[in-house]
Amino acid sequence: MTGAANPEMPALRVDGLEAYYGPAQALFGVDLEVPEGSVTVLLGRNGAGKSTTMKAIMGLLKLGRGTVTVAGQEVTGWPAYRVNRAGVGYVPEERRVFAGLSVMENLLVGTRDADTSSRECWTHERVFDLFPPLAALRDRLAGQLSGGEQQMLTIARTLMGNPGIILLDEPSEGLAPVVVQQIATFVNILSAQNLTVLLSEQNVRFATHVADRAAVIERGRILVAGSMAEIAQDTQLRDAYLTP
Ligand code: ATP
């Protein structure tokens, strides 16, 4: 993130954001606050607008009204590469590894110097220290990794760009339960490194293992936001809008 962290200022703030796929409106005034250092989850069912919110933040969709602010700097409508340079790392739902490159080469491709001196930069050594399963695979071609390993590599490569906040779009999607558990551990490690995380998720159980804040989205609008514990305990909300 650019500039020194200010605890008063959310790492990411979205106010009244509207977004469109061509003429079709998909977000209808999304409000979202991601506190610095938090793991915040955007919860919602299929088609609720989770991926759309992330794409809109990243400048990948046509926007209507509303604003996106990163560490106090308004980035609304900036192209994705500039939002990324402002400190936002993005891991889309479909994992993207360079299949013909090794794990190590994938990490090196993702390297970008941080714009701030206030955080320790990510290096491949630091990534391998924190995520030993990737270290063991360092010379393997990325295309030969399992789905879970590719997901870890995609997240690790995004870290190499030294983001202040990382957006993870449904990181557990389509993975076996044991791998989902590894991804949860991975997210907890990121959080322990003082990274701010916004992740999207359908599954409340997974979310409770990683998140401290939650916002529920439905039909392109935020219904409610609060602590993860409060939202997880709201059985009416769970029954109506979420996957337990
Ligand atoms: P999922 O778990 O399915 O990814 P989601 O909460 O991420 O769910 P989105 O993909 O953000 O949902 O979809 C929100 C709305 O936008 C849905 O009504 C969907 O049909 C619509 N939408 C998504 N992608 C497109 C697209 N490329 N063109 C038109 N409409 C789209």
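User: Two strands pair if DSSP finds at least two bridges between them. In β11, which residue is the bridge partner of Val-216?
Analyst: This is a predicted model, so to speak in brief: local features need pLDDT of at least 70, side-chain atom pairs count only at pLDDT 80 or more, and totals for chains, interfaces and linings use all residues. Residues are numbered from 1 along each chain as its sequence is written, and side-chain values use heavy atoms, leaving out hydrogens and water. Strand β10 (residues 213-218) runs antiparallel to β11, with six bridges joining them. The partner of Val-216 in β11 is Val-224.

User: Which strands are the edges of the sheet?
Analyst: Strands are DSSP runs of E, at least two residues, numbered from the N terminus. Six of them form an open, mixed sheet in the order β7-β8-β9-β3-β10-β11. Two strands pair on one side only: β7 (88-91) and β11 (221-227).

User: Which helix gives the most to the largest nonpolar core?
Analyst: Such a core joins buried (under 20% relative accessible area, 1.4 Å probe, protein chains only) Ala, Val, Leu, Ile, Met, Phe, Trp, Tyr and Cys through side-chain atoms within 4.5 Å. This one has 47 residues; Leu-43, Leu-134, Ile-166 and Met-228 touch the most other members. Seven residues come from one helix (a DSSP run of H or I, at least four residues). That top giver, spanning residues 177-192, is α7.

User: How many residues are in the other core?
Analyst: It lies apart from the largest core. Its members include Leu-42, Val-68, Tyr-90 and Leu-167. The residue count is 29.

Note on methods
Buried < 20%, exposed > 50% of the residue type's maximum accessible area, 1.4 Å probe, protein only.
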